[in-house]
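Here is a set of exercises to work through with the structure open beside you. Try each task before reading its solution.

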Amino acid sequence: MVREWVRSNKLTLTFVLLGAVIFLFIIVPLFRMIFASDPVILKETLFDPEVTRAILLTLYTALIATGVGFVLGVPLAYLLARHEFRGKRIVEGLIDVPIVVPHTAAGIALLFVFGRNFLMGRAFGAVGIQFVDSTAGIVVAMLFVSIPFLIDSAKEGFKKVDVRLEKVARTLGASPWQTFFKVSFPLAWRSILSGNIMMWARGISEFGAVIILAYHPMIAPTLIYERFETYGLAYSRPVAVLLILISLIIFVVFRTLVKGGRKGD
Amino acid sequence: MIRVRDLWVDLGDFVLRGANLDISAGEYFVILGPTGAGKTVLLESMAGLYPLKRGRIWLGGQEVTGLQPEKRGISIVYQDQMLFPHFKVRDNITFGLKIRKSSPSEVEQTLVWLSELLGIHQLLDRKPDTLSGGEKQKVALARALSVRPRLLLLDEPLSALDPGSREVLQRELRRIHEQYRVTTVHVTHDFEEAIALADRVAVIGDGAIQQIGTPEQIFRKPSSEFVARFAMVRNIFRGEVRGGEGKDALFEFDGTHLVVVTEHRGRCHASLRPEDIIVSHAPFPSSARNSFSGTITGVSDKGSTLLLTVSAPPDFVCLVTRNSFDAMELSVGKQIHITFKASAVNIF
């Protein structure tokens with residue numbers, strides 16, 4: 001009986017085993033770190049002003065980056081979803097480049113544009129905005145490495161909206177703007193929102209590009225790194241645990257929101 | 001009312017070159033053509049949703065060729081409805097009015113009018129994905145009518161429905177049109193649908209409009225082999241009309257001839273509808289001037305009717321009801337007589 005069942009479900013069983021290995025690989029380090037932490041130290045860390053400041057700064061800068069990405073990225077995503085043009089594949093490929101380049105390299109590339117003596121750096125410097133070792137620098141670094149997630153997700157969302165829905169709206173008297181805001185955008189909203197969440201999460205976890213552009217003020221990943229380098233594992237771990245917990249909570253809350261909304265449809 | 005001149009649509013599997021159409025105000029006009037993406041594009045071109053390669057369009061004396069779709073006053077209903085999935089039925093129907101900033105009382109009045117007209121009261125607070133195909137199509141129709149369009153475009157509106165709802169909706173379309181006389185252009189590949197609904201039909205095929213006429217004309221007097229096939233004429237012969245004075249003539253083909261009524265002389269086609277042929281055991285005494293005897297070589301069962309292939313020779317396809325088929329005890333190999341009027345033969 002059991003042998004029969006095993007024989008007829010070989011593929012599923014093999015895949016469950018292989019899947020379990022990689023799943024444990026993901027969760028064991030996270031859970032071990034969380035549960036091996038001393039709650040007292042964890043509490044102390046939570047009230048360490050340096051840690052609090054770093055975590056808040058991380059959430060805040062990632063949020064600003066996501067906001068900028070939303071305003072500039074969604075229109076591009078819509079264009080890519082709706083129009084065919086020469087070189088479109090190249091544009092799409094280039095948009096994904098930040099995902100594949102080493103982030104330290106991305107940071108250096110950004111320095112060449114946003115550094116004090118370069119293009120944008122100078123232009124913004126004239127109005128008092130500095131990118132090197134500043135909040136603006138952190139935002140720029142986060143924006144660069146995380147924008148592909150939003151553009152790709154929003155683009156897929158817009159593609160799923162049948163273009164004929166927009167056409168019907170036009171025949172009923174809606175201008176292109178009204179059609180976008182009343183039909184296309186609301187219908188692609190879930191994909192855009194989950195793209196935003198991905199982008200924010202990616203921003204929070206960014207380290208490589210940020211330290212090149214702005215080591216200070218310190219965001220949480222930089223602080224973890226610094227504590228690890230200066231004081232060792234015991235001091236860096238609580239900060240890491242806190243950041244992971246906060247990210248997890250935010251992530252779970254948002255995912256539930258997105259899912260819950262879908263059920264209501 | 002609507003004038004289309006030199007319209008070109010080129011889509012690979014569907015080509016229309018230099019089409020001209022004149023549709024009168026209040027007319028129910030059906031464009032009949034083979035299945036393919038092109039008929040949709042033809043409608044979308046009229047609505048300004050698809051860029052024209054060439055051609056000009058006038059609507060009620062005003063040229064609309066370069067006009068934005070929202071300024072044309074042309075509504076469209078697609079085969080798969082395209083209801084806005086994020087709106088309730090109510091908000092789908094009032095979308096156009098709210099965009100136009102109509103007063104709340106006008107919105108409400110229109111909603112009442114349309115839900116009564118189409119019998120969709122009970123659906124107003126539902127989301128589109130909970131509706132059946134027929135219900136969705138009614139809502140799509142209500143939404144299209146809500147803005148009181150100058151022209152209503154229907155893109156295969158019945159094709160995606162099950163046979164029951166198709167019949168219901170077909171009657172609704174006819175009734176609504178008789179009541180409100182909204183100028184309508186309906187595209188379909190279904191001949192019977194075209195015959196049932198149209199004031200006039202344009203048959204398109206091979207990149208051109210093949211024939212424009214009343215359903216009766218398309219049905220009885222197809223002007224080309226393409227249209228005859230589309231109209232399911234089934235008996236199409238190639239031959240030559242000879243002799244005779246006035247309208248009486250002989251159509252000669254395959255070593256035999258038919259008595260026909262035509263002024264045409266020379267090489268041409270003859271078409272004969274299967275239901276115009278009378279089938280009998282003995283020669284049928286009537287004024288009909290064409291009579292043949294032959295053998296049944298094939299029977300094709302259509303349910304309530306059957307198509308017989310009778311080899312005289314040549315082969316004629318005749319339609320009999322199931323009752324006659326049973327009563328006459330017809331079967332393959334039997335010898336029978338067929339009779340039809342000279343006026344039943346269409347020469348083109």
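**Exercise 1. Classify K159(A) by its accessibility, then examine its salt-bridge partner.**

Solution. This is a predicted model, and the steps below read its coordinates as such.

- Step 1: K159(A) has a relative accessibility of 41%. Buried would need under 20% and exposed over 50%, so K159(A) is partly exposed.
- Step 2: The side chain of K159(A) forms a salt bridge with that of E156(A), at 3.9 Å from N to O. The cut-off is 4 Å, so the pair qualifies under the rule.
- Step 3: E156(A) is partly exposed as well, with a relative accessible area of 40%.
- Step 4: Both residues sit in helix 9 of chain A; because they are 3 residues apart there, about one helical turn separates them.

**Exercise 2. Find how far apart in sequence E166(A) and R82(A) are, and which elements their salt bridge links.**

Solution.

- Step 1: The side chains of E166(A) and R82(A) meet in a salt bridge of 3.0 Å, N to O.
- Step 2: E166(A) belongs to helix 10 of chain A and R82(A) to helix 4 (residues 49-82), with their positions 84 residues apart, so to speak: the pair links distant parts of the chain.
- Step 3: E166(A) has a relative accessibility of 8%. That value is under 20%, so E166(A) counts as buried.

**Exercise 3. Describe the overall make-up of chain A.**

Solution.

- Step 1: Chain A has 14 helices and 0 strands.
- Step 2: Chain A holds 265 residues, and 40% of them count as buried.
- Step 3: Along the principal axes, the C-alpha atoms of chain A fill a box of roughly 80 × 65 × 35 Å.
- Step 4: Take the contacts in chain A between residues at least 6 apart in sequence; 74% of these join residues at least 24 apart.

**Exercise 4. Work out which parts of chain A touch chain B, and how the two chains meet.**

Solution.

- Step 1: Begin with the contacts: 19 residues of chain A are in contact with 26 residues of chain B.
- Step 2: The area buried between chain A and chain B is about 2,000 Å², and carbon and sulfur atoms give 66% of that area. On the side of chain A, R164(A), T171(A) and L172(A) lose the most area to chain B, together 35% of what that side buries.
- Step 3: Turn to the polar side of the interface. The rule finds 3 salt bridges between chain A and chain B. One of the salt bridges in the model joins the side chains of R170(A) and E70(B), at 2.6 Å from N to O. There are 6 residue pairs in polar contact between chain A and chain B, counting pairs with both residues at pLDDT 80 or more.
- Step 4: Helix 10 (163-171) and helix 11 (176-204) of chain A are the elements that give two or more residues to this side. Helix 10 gives the most, with 7 residues.
- Step 5: By residue type, the side of chain A that touches chain B divides into 9 nonpolar, 4 polar and 6 charged.
- Step 6: For confidence, the model scores ipTM 0.84 and pTM 0.85. Chain B averages a pLDDT of 88, and 97% of the residues score at least 70.

**Exercise 5. Is L42(B) buried or exposed, and which residues does L42(B) touch?**

Solution.

- Step 1: L42(B) is placed in helix 1 (residues 38-47) of chain B.
- Step 2: L42(B) has a relative accessible area of 2%. This is under 20%, so L42(B) is buried.
- Step 3: Leaving out residues up to four places away in sequence, L42(B) touches L7(B), V9(B), L16(B), I31(B) and I204(B).

**Exercise 6. Locate two residues with positive phi that are not glycines, D133(A) and D6(B).**

Solution.

- Step 1: D133(A) has a phi of about 50° and lies in the loop between helix 8 (119-126) and helix 9 (135-160) of chain A. D133(A) is partly exposed, at 43% relative accessibility.
- Step 2: D6(B) has a phi of about 55° and lies in strand 1 (residues 2-10) of chain B. D6(B) is partly exposed, with a relative accessible area of 29%.

Key: Residues numbered from 1 in each chain as written. Chains lettered and ligands numbered in written order. Heavy atoms only, no water. Contact = heavy atoms within 4.5 Å. Buried area = accessible area lost by both parts, 1.4 Å probe. Polar contact = N/O pair within 3.5 Å; in protein donor to acceptor, adjacent residues only side chain to side chain. Helix = DSSP H or I, 4+ residues; strand = E, 2+ residues; numbered from the N terminus. Nonpolar A, V, L, I, M, F, W, Y, C, P; charged D, E, K, R; others polar. pLDDT = per-residue confidence, 0-100. Buried < 20%, exposed > 50% of the residue type's maximum accessible area, 1.4 Å probe, protein only.
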